[in-house]
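Colleague: I have the sequence and the model open side by side, and I'd like to know what stands behind the labels. Could you take me through the reasoning?

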Amino acid sequence: DGEVHINELKNGSTEMFWNPTSEVRRQRLKRHIVLFEEQTDFESERLWQHVTSAINKGDQHKATQEKFVLEEEQRNAARERRESGTEWKPLLFRHDAGTNEWHYKYEDLRPWDPLNDIAQFEKDGILQTMERHLSTRMSNHKATCINNQITRHKRSAKDCRRRKTSDQPSNHSQNTESSCSTPESVQELSDDDGKYLGFESLCAQCGKEMNHLKEIHSAVLSLQKAQQDIHR
């Protein structure tokens, strides 16, 4: 979400290659970092803190020294494991013997789904995505309830038409017609629980999950407000 320039080394000219709009910057996923005091000794920010500090101060010699200390500790630990016959078992990575590469065990390479994915977070080194599964299940269940009501209304309308066309006295047909108030067309069903067509209210499970979803939504709003306060 930053500017990208093309530098022409021959004549020293610089050309703008990419300049993101405010809309592009606004759509960037927020980055959340574990608080430094809550990080374990082997998390990158804590492990490399002295190297990072030296780089920020422009002290390349100090940064190289601190880097050497870390690497020497790793070499000594590996030597001790070999001597004791201890097998190193990574918690978060697996080795691919075919490509001789290491891969993160919990990698999620699918595209971000703005309709179902709420937030991505890390817990104990494992990346996880909070999703709207409850909302999806509730929507599917609500659609099933409404479709069942549509079927019942269609069946009622069909029975009504059948009675009207039967060989009965005209005055009885008129009475039958007046008793059938169900509309024959249900094409204008809205997404508002079908209430505009006189459908019944949602079933008990729909209502329960709707209330549960509202509670989750309120909790998410509360968390977002707390994050904004922390950033401020």
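Modeller: Happy to. Helices (H or I, at least four residues) and strands (E, at least two) are DSSP runs, numbered from the N terminus. With that numbering, Leu35 falls in the loop between α1 (22-26) and α2. Keep in mind that this is a predicted model.

Colleague: Is Leu35 buried, exposed or partly exposed, and what makes it so?

Modeller: The relative accessible area of Leu35 is 46%. Buried means under 20% and exposed means over 50%, with partly exposed in between, so Leu35 is partly exposed. Its C-alpha atom lies 9.9 Å from that of Glu45, which is ten residues away in sequence.

Colleague: What is the secondary structure of the protein as a whole?

Modeller: There are seven helices and six strands. Along the sequence they come in the order β-β-α-α-α-α-β-β-β-β-α-α-α. The protein has 232 residues, of which 15% are buried. Among contacts between residues at least 6 apart in sequence, 27% join residues at least 24 apart.

Colleague: Where is Trp88 found, and why is it called exposed?

Modeller: Trp88 sits in the loop between α4 and β3. Its relative accessible area is 57%, and exposed begins over 50%, so Trp88 counts as exposed. From the C-alpha atom of Trp88 to that of Ala78, ten residues apart along the chain, the separation is 8.6 Å.

Colleague: Which residues line the second largest pocket?

Modeller: Trp88 is one of them, together with Phe42, Ser44, Leu47, Trp48, Leu70, Glu73, Gln74, Ala77 and Arg81. The pocket holds about 340 Å³ of space. Both α2 (44-47) and α4 (60-84) supply at least two lining residues each, and α4 gives the most, with five.

Colleague: How do the residues of that lining divide into nonpolar, polar and charged?

Modeller: Six are nonpolar, two polar and two charged. Asp, Glu, Lys and Arg count as charged, and the lining includes Glu73 and Arg81.

Colleague: How many aromatic pairs does a search of the whole structure find?

Modeller: Two. In one of them, Tyr104 with Tyr106, the ring centres are 5.9 Å apart and the planes meet at 70°. Pairing needs centres within 6.5 Å, and planes over 60 degrees apart count as edge-to-face, so this pair is edge-to-face. Phe93 joins Tyr104 and Tyr106 in one aromatic cluster.

Colleague: Why does Tyr104 count as buried? And is Tyr106 buried, exposed or partly exposed?

Modeller: Tyr104 has 16% relative accessibility, and buried means under 20%, so Tyr104 is buried. Tyr106, at 35%, falls between the two cut-offs, so Tyr106 counts as partly exposed.

Colleague: How do you know that Arg46 lies over the face of Phe36?

Modeller: Arg46 is 4.6 Å from the ring centre of Phe36. The rule asks for CZ of Arg within 6 Å of the centre and within 35 degrees of the ring normal, and Arg46 is counted as lying over that face.

Colleague: One last residue: what is the phi of Asn100, and where does Asn100 lie?

Modeller: Asn100 has a positive phi of about 55°, although it is not a glycine. Asn100 belongs to the loop between β3 (93-96) and β4 (101-104). With a relative accessible area of 59% against a cut-off of over 50%, Asn100 is therefore exposed.

Definitions and conventions:
Residues numbered from 1 in each chain as written. Predicted model: local features only at pLDDT ≥ 70, side-chain atom pairs only at ≥ 80, totals over all residues. Heavy atoms only, no water. 1 Å grid on protein atoms, 1.4 Å probe; cavity = no way out; pocket = protein on both sides within 12 Å on 5 of 7 lines; lining within 4 Å. Points joined across faces, edges and corners; volume = space filled by probe spheres on them. Phe/Tyr/Trp six-rings, centres within 6.5 Å; stacked < 30°, edge-to-face > 60°. Buried < 20%, exposed > 50% of the residue type's maximum accessible area, 1.4 Å probe, protein only. Contact = heavy atoms within 4.5 Å.
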